[in-house]
Amino acid sequence: MKVRLSTALPCALACVLLSQGCISTDFRPSSDLGAVSYPPVEASSVRVLTSPPVLPFTVLGEIEAYISGYPADKTVLRHIRTMAAQKGANAIVFVRDFSVMAAGVRDTDPDNLWHKRSSLVYEAVRLPDASEP
C-alpha cells in the first residue's frame with residue numbers, strides 16, 4: 001500500500017500543477033512614434049473592454065498572453081491587466097483569441113471537439129479619463 005501511495009501522491013500533484021498552466025506576457029509597443037509613456041497605475045483599476053471605446057483613446061501597444069495548460073480566464077486576465085498597468089494603460093481592449101480546435105483520436109463528431117487556447121491578445125490603451133468609457 002505504501003508503494004502505491006508514494007507513487008499516487010506525486011502523480012496527483014503533477015496533474016494538479018499541469019492543469020493550472022503557465023502564462024507569460026509580452027508587450028509590443030505601438031508603432032506610432034508619437035506614443036507617450038505614462039506612469040504605472042494599479043492593476044485593479046485597469047478596465048477590460050470587449051470593443052474599442054467611443055471616446056478618443058491612445059493605443060500604447062499590444063499585450064499577448066501565451067498560455068500553456070488550462071488556467072482560468074480570470075487568471076489570464078489578471079496577468080494581462082498587470083502588464084497593462086505597468087505600461088500606464090487604464091484599459092485593455094480585446095483583439096483576438098488564438099485557439100486550436102482538436103478532437104479525440106478517430107473522433108470526427110463536431111459536438112466532441114474542444115478548444116485549446118494558446119494565446120490572447122489585448123490592446124493596452126489610455127482613456128482620457130479612467131471614469132469614462
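Buried means under 20% relative accessible area, exposed means over 50%, and partly exposed lies in between (1.4 Å probe, protein chains only). The exercises below use a predicted model, in which local features need pLDDT of at least 70, side-chain atom pairs count only at pLDDT 80 or more, and totals for chains, interfaces and linings use all residues. Residues are numbered from 1 along each chain as its sequence is written, and side-chain values use heavy atoms, with hydrogens and water left out.

**Exercise 1. Confidence and layout**

Task: State how confident the prediction is, and list the order of helices and strands.

Solution.
Step 1. The pLDDT is the predictor's confidence in each residue, from 0 to 100. The protein averages 81, and 68% of the residues score at least 70.
Step 2. Helices (H or I, at least four residues) and strands (E, at least two) are DSSP runs, numbered from the N terminus. The protein has two helices and five strands, in the pattern α-β-β-β-α-β-β along the sequence.
Step 3. Confidence is lowest in helix α1 (residues 2-20), with a mean of 53, and highest in strand β2 (residues 47-49), at 97.

**Exercise 2. Burial and contacts of the whole chain**

Task: Find what share of the residues is buried, and what share of the contacts joins residues at least 24 apart.

Solution.
Step 1. The protein has 133 residues, of which 25% count as buried.
Step 2. Accessible areas come from the Shrake-Rupley method with a 1.4 Å probe; for residues, only the protein chains shown count as cover. The protein exposes about 8900 Å², and carbon and sulfur atoms supply 61% of this area.
Step 3. Contact means heavy atoms within 4.5 Å. Taking contacts between residues at least 6 apart in sequence, 83% join residues at least 24 apart.

**Exercise 3. The nonpolar core**

Task: Identify which residues of the largest nonpolar core touch the most other members, and which element gives the most to this core.

Solution.
Step 1. A nonpolar core is a set of buried Ala, Val, Leu, Ile, Met, Phe, Trp, Tyr and Cys residues joined through side-chain atoms within 4.5 Å.
Step 2. The largest one has 17 residues, and I63, V76, I80, A84 and A124 touch the most other members.
Step 3. At least two residues of this core come from each of β1 (22-29), β3 (58-68), α2 (73-86) and β5 (114-126). Helix α2 gives the most, with five residues.
Step 4. Apart from this core lies another, of five residues, including L49, A91, V93 and V125.
Step 5. Take V76 as a case: V76 lies in helix α2 and is buried, with a relative accessible area of 1%. Leaving out residues up to four places away in sequence, V76 touches I23, A65, I67, P71 and L120.

**Exercise 4. Two polar residues, E64 and S119**

Task: Decide whether S119 is buried or exposed, and find which side chain makes a polar contact with the side chain of S119.

Solution.
Step 1. S119 lies in strand β5. Its relative accessibility is 3%, so S119 counts as buried.
Step 2. A polar contact is a pair of N or O atoms within 3.5 Å; within protein, one must be able to donate a hydrogen and the other to accept it, and residues adjacent in sequence count only if both atoms are side-chain atoms. The side chain of S119 makes such a contact with the side chain of E64, at 2.7 Å.
Step 3. E64 is found in strand β3 and is buried, with a relative accessible area of 8%. The side chain of E64 also makes a polar contact with the side chain of Y66, at 3.2 Å.
Step 4. Not counting residues up to four places away in sequence, S119 touches E64, A65, Y66, I67, R96, D97 and F98.

**Exercise 5. The aromatic pair**

Task: Count the aromatic pairs in the whole structure, and explain what the pair of F94 and Y122 ties together.

Solution.
Step 1. Rings of Phe, Tyr and Trp (its six-membered ring) pair if their centres lie within 6.5 Å; planes under 30 degrees apart count as stacked, over 60 as edge-to-face and the rest as tilted.
Step 2. The search finds one aromatic pair. F94 and Y122 form an edge-to-face pair, 5.6 Å centre to centre, with 75 degrees between the planes.
Step 3. F94 lies in strand β4 (residues 91-102) and Y122 in strand β5, so the pair ties together parts that are 28 residues apart in sequence.
Step 4. F94 counts as partly exposed, at 35% relative accessibility, whereas Y122 counts as buried, at 7%.
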